[in-house]
Amino acid sequence: MNFVAVDVETANSSLSSICQVGAAFFREGQLCDTWETLVNPEDHFDPVNVWIHGITEEMVRHSPAWCSAYDTLRPLIEGKVVVSHTA
């Protein structure tokens, strides 16, 4: 089966505070490509989240906001089976 696994990291407990998004593309059960970008959540970073993923406010300062990151991600996943273990 062909599918795309999408995962995000958040800056804090809010699901809308995405600070990184990544996609892993599988063809016939084999990883064939990946894509990722840091995202500026335009929100505060909770020390617990930083401890978990290591992404800091300084690292995302010049990264695109979610709308711009999504504009890049959308054509990569459009029309594909997308799986994710997060909301």
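This report covers the salt bridge, the aromatic pairs and the largest pocket of a predicted model.

## Salt bridge

Searching the whole structure turns up 1 salt bridge. Its partners are R74 and E78, whose side chains meet with an N to O distance of 3.2 Å. That distance falls within the 4 Å cut-off, so the contact qualifies as a salt bridge. Side chains of opposite charge can pair when their charged atoms come close.

R74 has a relative accessibility of 42% and counts as partly exposed. The limits for that class are 20% and 50%, so R74 is neither buried nor exposed.

## Aromatic pairs

The model holds 2 aromatic pairs. In one of them, the ring centres of F3 and F26 lie 4.7 Å apart and the ring planes meet at 10 degrees, so this pair is stacked. The pair connects distant parts of the chain, since F3 belongs to strand β1 (residues 3-10) and F26 to strand β2 (residues 18-27), with the two positions 23 residues apart in numbering. F3 is partly exposed at 23% relative accessible area, and F26 is partly exposed with a value of 23%.

W66 and Y70 form a tilted pair, with 5.7 Å from centre to centre and 35 degrees between the planes. The angle is not under 30 degrees and not over 60, so the pair is classed neither as stacked nor as edge-to-face. W66 and Y70 sit in helix α3 (residues 66-77), 4 residues apart, which means that about one helical turn separates them. W66 is partly exposed, with 33% relative accessible area, and Y70 is partly exposed, with 32%.

## Largest pocket

The largest pocket has a volume of about 200 Å³. Its lining is made up of V6, V8, T10, L15, I18, V21, W66, L73, V82, S84, T86 and A87. W66 therefore appears both in this lining and in the tilted aromatic pair with Y70.

Three elements, β1, β2 and α3, supply at least two lining residues each. The largest share comes from β1, with 3 residues. Sorted by class, the lining contains 9 nonpolar and 3 polar residues, and no charged ones. The polar residues are T10, S84 and T86, because Thr and Ser fall outside the nonpolar and charged classes. R74 and E78, the partners in the salt bridge, are not among the residues that line the largest pocket.

Definitions and conventions:
Residues numbered from 1 in each chain as written. Predicted model: local features only at pLDDT ≥ 70, side-chain atom pairs only at ≥ 80, totals over all residues. Heavy atoms only, no water. Buried < 20%, exposed > 50% of the residue type's maximum accessible area, 1.4 Å probe, protein only. Phe/Tyr/Trp six-rings, centres within 6.5 Å; stacked < 30°, edge-to-face > 60°. 1 Å grid on protein atoms, 1.4 Å probe; cavity = no way out; pocket = protein on both sides within 12 Å on 5 of 7 lines; lining within 4 Å. Points joined across faces, edges and corners; volume = space filled by probe spheres on them.
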